[in-house]
Each structure stands twice: as structure tokens, then as C-alpha cells.
Amino acid sequence: MDPESVSARKKRITATIAAYEKAFGKPCEWDYGSELPTVPTVSVASPDKGETVLLIVRDHTEEDIFIRTKKSTSMSAIFSTYATHKREYLESIGEDYYNLRFLVDGQRIGGDETPECLKLADHDVIICILTQSGC
């Protein structure tokens, strides 16, 4: 990895940690070191076709969902995969898929964006939060 991409990755990680702490009001305890956890991943697209990226979606329950997808896949497909995986939990708390918001580097992600246009790399973290309704 060239020094410029390492610097960009460090900035992305710092921004993600800050967004997590702002969204959840507590320190981020996930280790962003070189030894990343090995867990089963959900695949949105076949890894054989095109360049793929492994994304981590983390929510307030601190459960990490690993999603491997092509860099050209729309983020709405990734959101849908995440919601399908968390369907039972969302139903148990009476929330709907449409109340989920996804952030990367503290900025909201649109459904028409792709990992490529967001410049996401392997093991980048997407934060999932529930919108607040009412007072």
C-alpha cells in the first residue's frame, strides 16, 4: 500500500470513529488494527465478476455485519441485504427498514451511490442508525 492510501485510510477510520461516537454517545471499542475478525460474510454479488470489496455495517447493538459486494453495486442493494439480515430484530423493536440511515465518514449515504464512488476499501465501516421520531 502506498503512503498516500495509508494516510487516506487513517483519515477515514478517524472520521468513522468520530461519527460512531457522535451517533451512539459512547466510545468506539472496535479494534481497527491489521488483524480484522474473520466471520462469515453476506455476499450481495458473485466475487468472480468484477472487483469486490468487503464492507462492515455496524449498528447500535454493536453487531458487525460483513457484506462482500462488487464496487459497482448500488448502496440500496447493500441496505436491503442488511435489512433482510436484521429483519427479526427490526420487527421486535417495531421499526421499519425505511427508518434506517447509513453513514460513512459521518456523511449520509444515498441509495444510488456505489462503493466505488464513495471510495470504499476493504473493511471500511458503515454505521447504521435509526431515525428518531416524535419528541
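Me: Which residues of the largest nonpolar core touch the most other members?

Reply: Start with the general idea: in soluble globular proteins, nonpolar side chains tend to be buried together. Keep in mind that this is a predicted model. Here the largest nonpolar core has 19 residues, and Val 57, Met 75, Tyr 82, Phe 102, Ile 109 and Ile 126 touch the most other members.

Me: Which elements supply at least two residues of this core?

Reply: Five of them do: β2 (52-58), β3 (64-70), α2, β4 and β6. The largest share is five residues, and that comes from α2.

Me: Let me step back, then. How many helices and strands are there in the protein chain?

Reply: You'll find three helices and six strands. Follow the sequence along and the pattern reads α-β-β-β-α-α-β-β-β. As for burial, 34% of the chain's 135 residues are buried.

Me: Back to the core. How many aromatic pairs does a search of the whole structure find?

Reply: For any ring pair, look at two things: the distance between ring centres and the angle between planes, with under 30 degrees counting as stacked and over 60 as edge-to-face. The search of the whole structure turns up two pairs. Phe 79 and Phe 102 are stacked, at 4.1 Å centre to centre with 5° between the planes. That pair links distant parts of the chain, since Phe 79 belongs to helix α2 (residues 75-85) and Phe 102 to strand β4 (residues 100-104), 23 residues apart. Tyr 82 and Phe 102 make an edge-to-face pair, with 5.7 Å between centres and 90° between planes.

Me: What does the pair of Tyr 82 and Phe 102 tie together?

Reply: Tyr 82 is in helix α2 while Phe 102 is in strand β4, so the pair ties together parts 20 residues apart in sequence. Put the ring pairs together and Phe 79, Tyr 82 and Phe 102 are linked into a cluster.

Me: Are Tyr 82 and Phe 102 buried or exposed?

Reply: The cut-off to remember is that buried means under 20% relative accessible area. Tyr 82 has a relative accessible area of 2%, so it counts as buried. Phe 102, at 4%, is buried as well. Phe 79, the remaining member of the cluster, is buried too.

Me: What sits over the ring of Tyr 89?

Reply: With a ring and a charge, check where the charged end lies relative to the ring centre. In this model the charged end of Lys 86 sits over the Tyr 89 ring, 5.0 Å from its centre.

Me: How many cavities of 30 Å³ or more does a search of the whole structure find?

Reply: Two. The largest has a volume of about 60 Å³. When you read a cavity, ask who lines it. For the largest one, the lining is Asp 59, His 60, Tyr 82, Lys 86, Tyr 89, Leu 90, Leu 100, Cys 128, Ile 129 and Leu 130. So you meet Lys 86 and Tyr 89 again, along with Tyr 82.

Me: Which element gives the most to the lining of the largest cavity?

Reply: That's β6, with three residues. Both α3 (87-92) and β6 (124-130) supply at least two residues of the lining. Sorted by class, the lining has seven nonpolar, one polar and two charged residues.

Me: Where is His 60, one of the lining residues, placed in the chain?

Reply: His 60 is in the loop between β2 and β3. It has a relative accessible area of 32%, so it is partly exposed. Its C-alpha atom is separated by 6.6 Å from that of Phe 24, which is 36 residues away along the chain.

Me: On to the backbone. What is the phi of Lys 119, and what is that of His 123?

Reply: A positive phi in a residue other than glycine deserves a look. Lys 119 has one of about 60°, and His 123 has one of about 70°. Lys 119 falls in the loop between β5 (107-108) and β6, and His 123 is in the loop between β5 and β6 too. Lys 119 is exposed at 65% relative accessibility, whereas His 123 is partly exposed at 22%.

Me: Where is Glu 116, and how far apart in space are Glu 116 and Glu 51?

Reply: Glu 116 is in the loop between β5 and β6. It is exposed, with a relative accessible area of 54%. From C-alpha to C-alpha, Glu 116 and Glu 51 are 9.7 Å apart in space, and they are 65 residues apart in sequence.

Methods
Residues are numbered from 1 along each chain as its sequence is written. This is a predicted model: local features need pLDDT of at least 70, side-chain atom pairs count only at pLDDT 80 or more; totals for chains, interfaces and linings use all residues. Side-chain values use heavy atoms; hydrogens and water are left out. Rings of Phe, Tyr and Trp (its six-membered ring) pair if their centres lie within 6.5 Å; planes under 30 degrees apart count as stacked, over 60 as edge-to-face and the rest as tilted. Helices (H or I, at least four residues) and strands (E, at least two) are DSSP runs, numbered from the N terminus. Buried means under 20% relative accessible area, exposed over 50%, partly exposed in between (1.4 Å probe, protein chains only). A charge sits over a ring if NZ of Lys or CZ of Arg is within 6 Å of the ring centre and within 35 degrees of the ring normal. On a 1 Å grid over the protein atoms alone, a cavity is a set of points where a 1.4 Å probe fits but cannot get out, and a pocket is an open set with protein on both sides within 12 Å along at least five of seven lines; lining residues have an atom within 4 Å of a point. Grid points are joined across faces, edges and corners, and a volume is the space filled by probe spheres set on the points. Ala, Val, Leu, Ile, Met, Phe, Trp, Tyr, Cys and Pro count as nonpolar, Asp, Glu, Lys and Arg as charged, and the others, Gly among them, as polar. A nonpolar core is a set of buried Ala, Val, Leu, Ile, Met, Phe, Trp, Tyr and Cys residues joined through side-chain atoms within 4.5 Å.
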